[in-house]
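Here are a few short exercises to work through with the model open beside you. Try each task before reading its solution.

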Amino acid sequence: GRKKAMLVSALLFAVSVVMIVMAKGFWPLFFGRTLQGLSAGMIAVIIPVFMSECVPAQIRGIGSTVFQLCITLGILLAMAAGAYYQAGVNDAVAGVAGDATQILAVQDEAWRNMFRSSLWPAVVFFFVAMGVSESPRWLFRRGRKAQALEVLLQGRDRAQAELEMREMEEVAGAAQERRAGGGGDSLFQRHYVVPLILAVVLLGINQATGIVAVFTFPVVMLHQSGLSESAASHTGVWLALTNFTVTIFGVLLVDRLG
């Protein structure tokens with residue numbers, strides 16, 4: 001189910017952090033980062049689906065896009081953590097008077113601490129996921145209708161919950177009729193094609209702008225452009241803060257504009 005997938009992704013992320021922090025060579029670091037990317041990808045798919053299946057219809061848009069807001073908040077916190085550890089490295093390096101061995105030790109400890117700090121969100125996410133209910137639509141599709149209704153009643157009144165149950169019944173009935181008539185639930189049906197094309201085009205445009213690279217490696221880019229490591233770290237924080245602030249307006253508008 002959705003809940004189990006969230007728990008697994010949190011555990012995989014936590015394991016990846018341990019692998020990275022304890023890495024003593026390229027391959028342990030490579031496999032740790034690969035596992036971290038896979039677990040983050042799982043979370044990026046599971047959470048929007050879970051939100052869309054659980055949130056009441058009248059706030060479903062904002063409920064789903066809050067996930068994007070949380071991503072920008074995560075980027076901001078990551079940048080802030082990087083700037084914090086960068087400042088610590090600068091202070092420590094200034095105190096060892098050019099000793100190359102000690103400088104390397106300080107830098108090695110700093111990047112490991114950066115990754116170690118990402119363990120806490122995974123731990124919090126795991127325990128929060130343990131306390132959430134399974135998606136009502138997932139339960140419904142598996143014939144557990146009483147449990148689905150019980151979950152719906154946790155977030156809306158009985159009239160709204162029963163309405164959504166009837167809607168799920170209608171959708172399930174329509175799907176069964178299509179299958180009986182030789183039709184399928186293919187994503188390439190006529191009424192899905194236009195939204196699918198729009199989604200793919202928007203994702204392509206998003207990637208083409210390079211924004212993913214900008215918010216993945218801003219400190220590196222700024223440092224290579226001529227800024228000091230400290231200035232690059234702090235500028236990266238301001239960029240992330242701007243991204244987070246602008247995203248708030250988008251989240252607030254999504255249900256109003258449709």
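The exercises below look at nonpolar residues inside and on the surface of this predicted model.

**Exercise 1.** Find which residues make up the largest nonpolar core, and which helices supply at least two residues each.

*Solution.* Start with the members: Met6, Leu7, Ala10, Ile43, Ile46, Ile47, Phe50, Cys54, Phe67, Phe126 and Ala129, 11 residues in all. Next, turn to the helices: at least two residues of this core come from each of helix 1 (2-22), helix 2 (26-54) and helix 5 (119-131). Helix 2 gives the most, with 5 residues. Apart from this core lies another one, of 9 residues, including Ala148, Leu152, Ala161 and Met165.

**Exercise 2.** Determine what Cys54 is in contact with, leaving aside its neighbours within four places in sequence.

*Solution.* First, place the residue: Cys54 belongs to the largest nonpolar core. Then list its partners beyond those neighbours: Cys54 contacts Ser135, Pro136 and Arg156.

**Exercise 3.** Locate the nonpolar patch on the surface and say which helix gives the most to it.

*Solution.* The patch is formed by Val15, Met19, Phe26, Trp27, Phe30 and Phe31, and together they have about 630 Å² of accessible area. Helix 1 and helix 2 each supply at least two of its residues. Helix 2 gives the most to the patch, with 4 residues.

**Exercise 4.** Classify Phe31: is it buried, partly exposed or exposed?

*Solution.* Begin with its position: Phe31 lies in helix 2. Now recall the cut-offs: buried means under 20% relative accessible area, and exposed means over 50%. Phe31 has 46% relative accessibility, so it counts as partly exposed.

Technical notes:
Residues numbered from 1 in each chain as written. Predicted model: local features only at pLDDT ≥ 70, side-chain atom pairs only at ≥ 80, totals over all residues. Heavy atoms only, no water. Core = buried A, V, L, I, M, F, W, Y, C linked by side-chain atoms within 4.5 Å. Buried < 20%, exposed > 50% of the residue type's maximum accessible area, 1.4 Å probe, protein only. Contact = heavy atoms within 4.5 Å. Patch = residues over 30% accessible without salt bridge, like charges linked within 9 Å, V, L, I, M, F, W, Y side chains within 5 Å. Areas by Shrake-Rupley, 256 points an atom, 1.4 Å probe, with all protein chains shown as cover. Salt bridge = Lys/Arg side-chain N within 4 Å of Asp/Glu carboxyl O.
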